[in-house]
Amino acid sequence: MRRILVANPKGGSGKSTLAAHLACWFAWQEDQVLLGDTDRQQSLAHWLKTRPKALPQIRGWEVTPGEPARPPRGTQVAILDTPAGLHGKSLKALLGMVDQVIVPLQTGAFDFWASGEFFDILAESKAVRREQIRVAAVGMRVNPRTSNGRELIPFLARYDIPLVAQLRDATLYRDTIARGMTLFDLSHGRTQLDREQWQPLLDWVTGPTR
Ligand SMILES: Nc1ncnc2c1ncn2[C@@H]1O[C@H](COP(=O)(O)OP(=O)(O)O)[C@@H](O)[C@H]1O
Ligand SMILES: [Mg+2]
């Protein structure tokens, strides 16, 4: 089973959006997907309820950091969304449950401060140091016409974390989520550019777990 944590203590960095998309992509690969929502706002639990029944289904999973949680049998992929401000014991407990961590981040001083601190905390984790957990960063709402995409590369160069994908800012991300869907539920024709942007992240995610 693949177990993926989507985390960044900065609110609004794109965690729930990324977690929903990833879950949806796996569901389209016919994998049994669990989407855990450790956020008290339960954004993804609400999203799952609005998901049209005709689309590949994703199961919800209630997880409380620090309390034992075993995914049901047959689960192939478990994705965990996390709240803003995740740190300390809760973070440690969740790191103990996964083998991959994806950190979505936007550009900007506030985002860089919060994400930089988070990368330092991850780097101190034994499981990360022993490479039992793989960590990757994803640029969110990157606009190639401005400098914001370019800022991510020198920022991440300070940390030993690969920037595996850069996803554009597109209203389609909001519009699909509002309907219980993601871009992966739309035709390839409408989403070709976005699928291309996702591909290196999907390659990283489906790579070896250990
Ligand atoms: N690539 C994107 N393009 C446009 N809007 C996005 C994109 N990614 C996220 N958003 C929007 O940014 C806001 C914050 O995203 P969200 O996933 O809720 O972040 P978090 O879960 O980290 O708080 C939401 O309104 C979401 O629709
Ligand atoms: Mg969220």
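1. Around ligand 1 there are 14 residues, and those that come nearest are Gly12, Lys15, Ser16, Thr17 and Arg168. Please keep in mind, while reading these points, that this is a predicted model.

2. When the 14 residues of this shell are sorted by class, three turn out to be nonpolar, six polar and five charged.

3. Some individual polar contacts can be followed atom by atom. The side chain of Lys15 brings an N or O atom to 2.8 Å from an oxygen atom of ligand 1, while a polar backbone atom of Gly14 lies 3.0 Å from an oxygen atom of the ligand. With Ala170 the partner on the ligand is a nitrogen atom, which is 3.0 Å from a backbone N or O atom of that residue. Taken alone, ligand 1 exposes 560 Å², and of that area the protein buries 80%.

4. As for its place in the protein, ligand 1 sits in the largest pocket. The elements that each give two or more residues to the shell around the ligand are the helix α1 (15-28), the strand β6 (134-142) and the helix α7 (171-178). Of these, α1 gives the most, with three residues; Lys15, whose side chain was described above as contacting a ligand oxygen atom, falls at the start of the range 15-28 given for α1.

5. A separate matter is the salt bridges, of which the count comes to four. One of them is formed by Asp99 with Arg3, where the closest N and O atoms are 3.3 Å apart. This pair links distant parts of the chain, since Arg3 belongs to strand β1 (residues 2-6) and Asp99 to the loop between α3 (88-95) and β5 (100-105), and the two residues are 96 residues apart.

Methods
Residues numbered from 1 in each chain as written. Chains lettered and ligands numbered in written order. Predicted model: local features only at pLDDT ≥ 70, side-chain atom pairs only at ≥ 80, totals over all residues. Heavy atoms only, no water. Near = heavy atom within 4 Å. Polar contact = N/O pair within 3.5 Å; in protein donor to acceptor, adjacent residues only side chain to side chain. Areas by Shrake-Rupley, 256 points an atom, 1.4 Å probe, with all protein chains shown as cover. 1 Å grid on protein atoms, 1.4 Å probe; cavity = no way out; pocket = protein on both sides within 12 Å on 5 of 7 lines; lining within 4 Å. Sits in = over half its atoms within 2 Å of the grid points. Helix = DSSP H or I, 4+ residues; strand = E, 2+ residues; numbered from the N terminus. Nonpolar A, V, L, I, M, F, W, Y, C, P; charged D, E, K, R; others polar. Salt bridge = Lys/Arg side-chain N within 4 Å of Asp/Glu carboxyl O.
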